[in-house]
Amino acid sequence: MNLKHDLRAVARLFQIYGDFWGAEPYGSGHINDTYRVAFNQGGSRVRYIFQRINAGVFKTPAALMENVRRVTAHLGEKSAGQPDRSRRALTLIPTRDHQPFALDERRNYWRAYVFIEEARTYDAVESPGQAFEAAKAFGRFQKLLTDLPGPRLHDTIPDFHHTPRRFAALEKAVQADAVNRARLAAAEIEFALGRRSLCGVLLDARLPERVTHNDTKFNNVMLDDATGEGICVIDLDTVMPGLALYDFGDMVRTATSPAREDERDLSKVALQFPMFEALARGYLESAADFLSPAEKRWLAFSGKLITFEIGLRFLTDFLTGDAYFKVRRENHNLDRCRTQFRLVESIERQEERMQQLVESI
Ligand code: ADP
Ligand code: GN1
Ligand code: MG
């Protein structure tokens, strides 16, 4: 296979023994370049995940990797002694000079992880059972990090979930209309601009800062093939100080509708109440004892806010020429925006019932 990068050369930078076997692009993330890389170690095939960190998105990769190193070490300690320890937290492979990341000749930043076998991610949720397991895993992730020793983690992307600033960025993109696409998105622009009042609600609610994941989309948790358990939370680039509700909100965004994020048939996009119920129950099973009453009060709302926020980001990226999210077809970011806004509408119709459910748990 013809790869963009020389993975064999990259592999030599890490403390991995045995013979390079092969590498292939892997996963469907929007940000980094991910490869599955195999080695022959004593006659067995052993696999790793290699990732080139997107330096356009992450301006301080060394600080980011410092966060990842601290967080994975802490989670690893917490699962010490458990049977499947190396499948329950990401394990970083150090470089030959004992660093958590390597720089190649072209100044690309690379990291390597132990490959988690017999588990997988899903781009769309298939059952309430999956939603429950994913939410329980993300809740546990937050809980295990409540006692992460100091100092405060780095902000890998400042204001990542600052919805009012995301809204302002959209307004600016609409005004500039740099690639002449506003005419293709008139309805979506109107939808967004009409909901300004949503943006500041959580910021005004005076909720506690916690260590949060900030990108808890459904395909960022691995489900065990045999048991279905949410065995490992992955994609730790945005683990940083944040609100617990950002994480719950992103679960609602990605694990209540069975449609893919870029589905073009919008009739498939809707919040399915049993999925929401499973998420709320799964999340609260691990997080209820550390969440404050105020955080619980805004759980149902957070889904609408984060869905709206990511919709704003897709729309902004569409209007500015797809500089941020990877796209694979024409109008891809507009399609993604449309599913988000359709889901916001679906949530608006069910909000009261969602709120009642959360209060009853
Ligand atoms: P991105 O930031 O681009 O979304 P991810 O870290 O989520 O990148 O990785 C992309 C995909 O690679 C994931 O959805 C998952 O399927 C797979 N993956 C990532 N890390 C591992 C791992 N340690 N073991 C097995 N699969 C992994
Ligand atoms: C990106 O890396 P990935 O694909 O898991 C993005 C998230 C968005 C998501 C939308 C660092 O997540 O914030 O919610 O796409 N990550 C970053 O699918 O911007
Ligand atoms: Mg991902």
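**Ligand sites and local backbone features of the predicted model**

Ala186 lies in helix H6 (residues 186-193), where helices (H or I, at least four residues) and strands (E, at least two) are DSSP runs numbered from the N terminus. The structure is a predicted model, in which local features need pLDDT of at least 70 and side-chain atom pairs count only at pLDDT 80 or more, whereas totals for chains, interfaces and linings use all residues. Residues are numbered from 1 along each chain as its sequence is written, chains are lettered from A and ligands numbered from 1 in the order in which they are written, and side-chain values use heavy atoms, with hydrogens and water left out. With a relative accessible area of 49%, Ala186 is partly exposed; buried here means under 20% relative accessible area, exposed means over 50%, and partly exposed lies in between (1.4 Å probe, protein chains only). The C-alpha atom of Ala186 is separated by 35 Å from that of Thr212, a residue 26 positions apart from Ala186 along the chain.

The metal site is considered next. The magnesium ion (ligand 3) is coordinated at 2.2 Å by Asn220, through OD1, and by Asp235, through OD. These two residues link distant parts of the chain, as Asn220 belongs to the loop between strand E7 (210-212) and strand E8 (221-224), while Asp235 belongs to the loop between strand E9 (230-233) and strand E10 (240-242), the two being 15 residues apart. Donors are N, O and S atoms within 2.8 Å of the metal (3.2 Å for Na, K and Ca), and sites may look incomplete because water is not among the atoms. Asn220 is buried, at a relative accessible area of 4%, whereas Asp235 is partly exposed, at 26% relative accessibility.

Both metal-coordinating residues recur at ligand 1. This ligand has 20 residues around it, of which Gln51, Ile116, Thr121, Asn220 and Asp235 come nearest; a residue is taken as near if one of its heavy atoms lies within 4 Å of the molecule. Polar contacts, defined as pairs of N or O atoms within 3.5 Å (within protein, one must be able to donate a hydrogen and the other to accept it, and residues adjacent in sequence count only if both atoms are side-chain atoms), are made to oxygen atoms of ligand 1 by a polar side-chain atom of Gln51 at 2.8 Å, by one of Asn220 at 3.0 Å, and by an N or O atom in the side chain of Asp235 at 2.9 Å. Taken alone, ligand 1 exposes 550 Å², of which the protein buries 96%, with accessible areas obtained from the Shrake-Rupley method with a 1.4 Å probe and, for residues, only the protein chains shown counting as cover.

Ligand 2 is surrounded by 17 residues, of which His30, Lys217, Glu261, Arg313 and Tyr324 come nearest. Helix H10 (residues 299-319) gives the most to this shell, with 3 residues. An N or O atom in the side chain of Asp215 is 3.0 Å from an oxygen atom of ligand 2, and a polar side-chain atom of Glu261 lies 2.6 Å from an oxygen atom of this ligand. Asp235, already described as a magnesium donor, also places a polar side-chain atom 2.9 Å from an oxygen atom of ligand 2. Of the 440 Å² that ligand 2 exposes when taken alone, the protein buries 98%.

Several local features of the backbone and loops were also examined. Most residues other than glycine have a negative phi, and most peptide bonds are trans. The peptide bond from Gly150 to Pro151, by contrast, is cis, with omega near -5°, and Pro151 is found in the loop between H4 and H5. Thr156 is placed in the loop between helix H4 (128-144) and helix H5 (163-176) and is buried, with a relative accessible area of 5%; a polar atom of the Thr156 side chain lies 2.9 Å from the backbone oxygen of Asp237.

Positive phi values occur at Glu118, where phi is near 60°, and at Asn214, where phi is about 75°. Glu118 is located in the loop between strand E5 (109-114) and strand E6 (119-120) and is exposed, at 60% relative accessibility, whereas Asn214 is located in the loop between E7 and E8 and is buried, at 3% relative accessibility. Val37, in strand E2 (residues 33-41), is likewise buried, at 0% relative accessibility, and its C-alpha atom is separated by 19 Å from that of Glu105, 68 residues apart along the chain.
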